[in-house]
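Here's a quick briefing to read with the model open. Grab your viewer and follow along.

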Amino acid sequence: MVTQRPEHERIVITGMGLTAPNGNSPDEFRRSLLDGISGVTDYEIRYFGKTVAGICDFDALRYQKRREVRRGTRAGSVGIYCTHESIADSGLDWENTDKANVGVYVGVTEHGNVETENEIYQIKQYDYDCSFWTHHHNPRTVANNPAGEISLNLGIVGPHYTLGAACAAGNAGLIQGCQMLRLGECDVALAGGVSESIHTFGIFAGFNSQGALAKHDDPTKASRPFDADRTGIVVAEGGCMMVLERLPDAAARGAKIYGEIVGHAMNSDATDFVMPNPDRQAECIRLALKRAQLNPEDIDIVSTHATGTTTGDTQECEALRRVFNGEGRTAVNNTKSFIGHAMGAAGVLELAGNLPAFNDRVCHATINVDRLDPECEVAGLVINEPRELDKADVILNNSFGMLGINSVVIVRRI
Amino acid sequence: MTADDIREAVVEILSDIAPDEDLSGLKEEVPFRDQLELDSMDFLDIVMELRKQYRIQIPEEDYPELASMKSTVAYLEPVMKDIEK
């Protein structure tokens, strides 16, 4: 089906850069997803102790001086690495790009917890005397920090800010980028999401107190959405930034195009702080489909949000059953089973892990499903082994978050 | 601490604040900010580290005394003379 938007409102993805617990480039990440390689490992953090997490090993010093790393935040370093990689991948003539027409839109689940915890730990050594509290605290913890560090590092003088959207943030970053391009606020949107969450003990302790933190003797088996024996979320760090452009601009410079963002939607549950609402999730998916002028059967791959919690997984499956009516031709997968939950980066990372399907026509699996929870039976679920598809032209990417924030992005191959 | 001890301590602090810099050729009389990539926030780190490591409280009006190595050592010598290395 052909999109009816005017050409200058059609937004395409022309570059990707990422760091995930199982890969520091789109190619590495994709290979790990097809080969069933988990990025989850044992981890220990002060106060909380031993747990498991998805940890990234990208080289921060590839694009930052030691001084910048010291001054900034982990989220900033993740964002800077991913943005440099995405620009290089896009083939943009960066040197001659007008930096006033570049916008930076970074989704975050949370920001500032890591830095605040670190500083409280520091002043504890000085009997909580606040004169030992660092002057770096505010620039590190302001909500725009990760986007601002990208702007500083790359000399981007167009708009920059973060989107605080819980675990829907990666998609929210992309959606913001699309909208700003359509409004003419920028000509190049650097959009995506980042997570530094494994460096705050509070997120582990909070999920643990909520009964929602994954536990398993084998860390690679800890993240197991849809499995009957799932125990909760594996927290991960990571990031993915994409270069978005208006289709005519990308076509004019002969850019490689990963796909067109043909539909997107965000809505709110307005029902609970943490419990998802399948009615609103289904409505969000339907709204994105409507805007894309697509029917459910047009979708080739659904990249699920499922995090490995009992309720979250079943509620999303319920929403998918309502929209897709169990017709079964749409393949359904989950990337968190490999890397854990990369929070603000999750939505965009998971999309990046699936986009290569446009070329290889393979849907990567959701791993660690030894005993499928009957309540998570969704037609088309790709379990444990990748599946070759007859057609891979459209991907629908779910990303949901606390306080009832839902986001859906649909990308079509061009 | 002697003047040499203080100089050594300041170099140690600078090596942490400016980890990309080669401090071997640091000139005594030239302001730090004219020979190193340091901004006002980095400069405040010198003050903070002296406070943390040696419990020295430097009033804001005295910050200009910390401009160069020579002036820093001259300023700190009487302040740190009773501190054990």
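How far apart should the ends of helix 1 (residues 3-17) of chain B be, at 1.5 Å a residue? Its 15 residues should span 21 Å, and the end C-alpha atoms are indeed 21 Å apart; the expected span is 1.5 Å times one less than the number of residues. Keep in mind that this is a predicted model: local features need pLDDT of at least 70, side-chain atom pairs count only at pLDDT 80 or more, and totals for chains, interfaces and linings use all residues. Residues are numbered from 1 along each chain as its sequence is written, while chains are lettered from A and ligands numbered from 1 in the order in which they are written.

**Helix 1 of chain B**
- Helices (H or I, at least four residues) and strands (E, at least two) are DSSP runs, numbered from the N terminus.
- I6(B), A9(B), V10(B), L14(B) and I17(B) are the buried residues here (buried means 20 or more other C-beta atoms within 10 Å of a residue's own, exposed 12 or fewer, partly exposed in between, with C-beta atoms placed from the backbone).
- Looking down the axis, those buried residues fall within an arc of 140°, so they line one face of the helix; the arc is that of the directions from the helix axis to the C-beta atoms.
- An α-helix has 3.6 residues a turn, so residues three or four places apart point the same way.
- Turned away from the buried side, the other face carries the exposed D4(B), S15(B) and D16(B).
- The cover over the buried residues includes helix 3 (40-54) and helix 4 (69-80) of chain B.

**Sheet in chain A**
- Strands 2, 3 and 7 of chain A form an open sheet in the order 2-3-7, with mixed pairing (a pair needs at least two DSSP bridges).
- Strand 2 (40-45) and strand 7 (235-236) of chain A are the edges, each pairing on one side only.
- Six bridges join strand 2 and strand 3 (residues 49-54) of chain A in the antiparallel sense.
- D42(A) has V52(A) in strand 3 as its bridge partner.

**Domains of chain A**
- Domain 1 covers 11-252 and domain 2 covers 263-409, with bounds from an automatic or database domain assignment.
- Their contact takes 58 residues from domain 1 and 50 residues from domain 2 (contact means C-beta atoms, placed from the backbone, within 7 Å).
- On the domain 1 side of that contact, helix 7 (169-183) of chain A is among the elements giving two or more residues, and its eight residues are the largest share.

Notes: Contact = placed C-beta atoms within 7 Å.
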